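Please take me through this model feature by feature, giving the general idea before the particular case.

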Amino acid sequence: MTETQVDRSRTFSWTDPAETAALIGSSTGLETLRAMQDGRLPAPPILRLVGATGFEAEEGKVTVFMPAAEFHYNPLGSVHGGVIATLLDTAAGCTVHSTLPAGFGYTSLDLMTRFIKPVTVASGVLRCEGGIISRGRRTAVAESHLYDERGKLLAHATSTCLIFEIP
């Protein structure tokens with residue numbers, strides 16, 4: 001580190017994810033997401049880790065918000081692709097979750113991602129919208145699109161999710 005460099009720091013907290021996980025399946029996916037949205041259930045630790053500021057959920061559509069920040073940067077001076085993929089995966093997966101009846105869960109099988117434009121602090125508050133492409137009994141395909149504060153498309157993804165009954 002040079003004399004002109006100054007360390008920055010960041011802290012965050014989270015609640016025990018096992019408590020929320022134990023409740024998954026006891027209500028519909030949309031009810032669970034709305035309970036997280038309005039604070040009756042805590043947000044998952046990953047959303048706190050990346051600095052997401054909230055999300056909106058309706059059946060078949062979930063939108064996640066996160067301000068682009070310096071701590072997301074890669075060595076090239078832009079938001080790391082893994083952070084972008086995390087937002088895209090979250091919006092797509094939660095969109096599938098929003099369609100599930102009580103007693104069912106899901107897991108991502110794949111995530112095909114396309115990065116369109118660099119994401120930086122100047123991108124402002126990012127908005128990642130998820131939507132359903134196709135939903136069957138055992139699998140669902142969802143898409144997600146990441147936009148900057150001005151509405152420009154930055155990245156998009158398609159995800160296939162496995163739907164399963166929770167024992």
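The dialogue below treats this predicted model.

Q: What secondary structure elements does the chain hold, and in which order do they run from the N terminus?
A: The general step is to count the elements and then to read their order. This predicted chain has four helices and six strands. Read from the N terminus, the order is α-α-α-β-β-α-β-β-β-β.

Q: How should the radius of gyration of the chain be read?
A: The radius is set beside the value expected for a compact globule with as many residues. For 167 residues that value is near 15 Å, and the chain has 17 Å, which agrees. Along the principal axes, the C-alpha atoms occupy a box of roughly 55 × 35 × 25 Å.

Q: Which share of the residues is buried, and what belongs to the accessible surface?
A: A residue counts as buried when its relative accessible area is under 20%. By that cut-off, 38% of the 167 residues are buried. The accessible surface comes to about 9300 Å², and carbon and sulfur atoms account for 55% of that area.

Q: What do the contacts say about sequence separation?
A: One takes the contacts between residues at least 6 apart in sequence and asks what share joins residues at least 24 apart. In this chain the share is 64%.

Q: How far apart are the mean positions of the positive and negative charges?
A: The two mean positions, taken over 14 positive and 17 negative charges, lie 5 Å apart.

Q: Which residues have the most contacts inside the largest nonpolar core, and which elements supply it?
A: A nonpolar core is read as a set of buried residues joined through their side chains. The largest one here has 27 residues, and F55, V119, L126 and L146 have the most contacts within it. At least two residues each come from α2 (29-37), α3 (45-50), β1 (54-58), β2 (61-67), α4 (81-97), β4 (125-135) and β6 (153-165). The greatest contribution is that of α4, with six residues. Apart from this core lies another, of seven residues, including A92, A140, A142 and I163.

Q: What does L126 touch, beyond residues up to four places away in sequence?
A: Setting such neighbours aside, L126 touches V64, F65, M66, P67 and A68, and also L87, V119, L146, Y147, D148 and L154.

Q: Which residues of α2 are buried, and against what do they pack?
A: For a helix, one lists the buried positions and then their partners. In α2 the buried residues are G29, L30, T32, L33, A35 and M36. Their packing partners are α1 (17-21), β1, β2 and α4. Just after α2, G39 adopts a positive phi of about 90 degrees.

Q: Where is T120 placed, and what does it touch?
A: For a loop residue, one reads the location, the accessibility and the contacts in turn. T120 sits in the loop between β3 (104-115) and β4. Because its relative accessible area is 23%, T120 is partly exposed. Beyond residues up to four places away in sequence, T120 touches A68, Y73, G77, S78 and V79. T120 and P67 are 53 residues apart in sequence, with their C-alpha atoms 9.7 Å apart.

Q: Where is S27 found, and with which residues is S27 in contact?
A: S27 lies in the loop between α1 and α2. With a relative accessible area of 22%, S27 is partly exposed. Outside its neighbours within four places in sequence, S27 contacts T32, P101 and A102. The C-alpha atoms of S27 and L47, which are 20 residues apart along the chain, are separated by 21 Å.

Note on methods. Residues are numbered from 1 along each chain as its sequence is written. This is a predicted model: local features need pLDDT of at least 70, side-chain atom pairs count only at pLDDT 80 or more; totals for chains, interfaces and linings use all residues. Side-chain values use heavy atoms; hydrogens and water are left out. The radius of gyration is taken over C-alpha atoms; the globule rule is 2.2 Å times the number of residues to the power 0.38. Buried means under 20% relative accessible area, exposed over 50%, partly exposed in between (1.4 Å probe, protein chains only). Contact means heavy atoms within 4.5 Å. Accessible areas come from the Shrake-Rupley method with a 1.4 Å probe; for residues, only the protein chains shown count as cover. Lys and Arg count as positive and Asp and Glu as negative; His and the chain ends are not counted. The place of a charge is taken as NZ of Lys, CZ of Arg, CG of Asp or CD of Glu. A nonpolar core is a set of buried Ala, Val, Leu, Ile, Met, Phe, Trp, Tyr and Cys residues joined through side-chain atoms within 4.5 Å.
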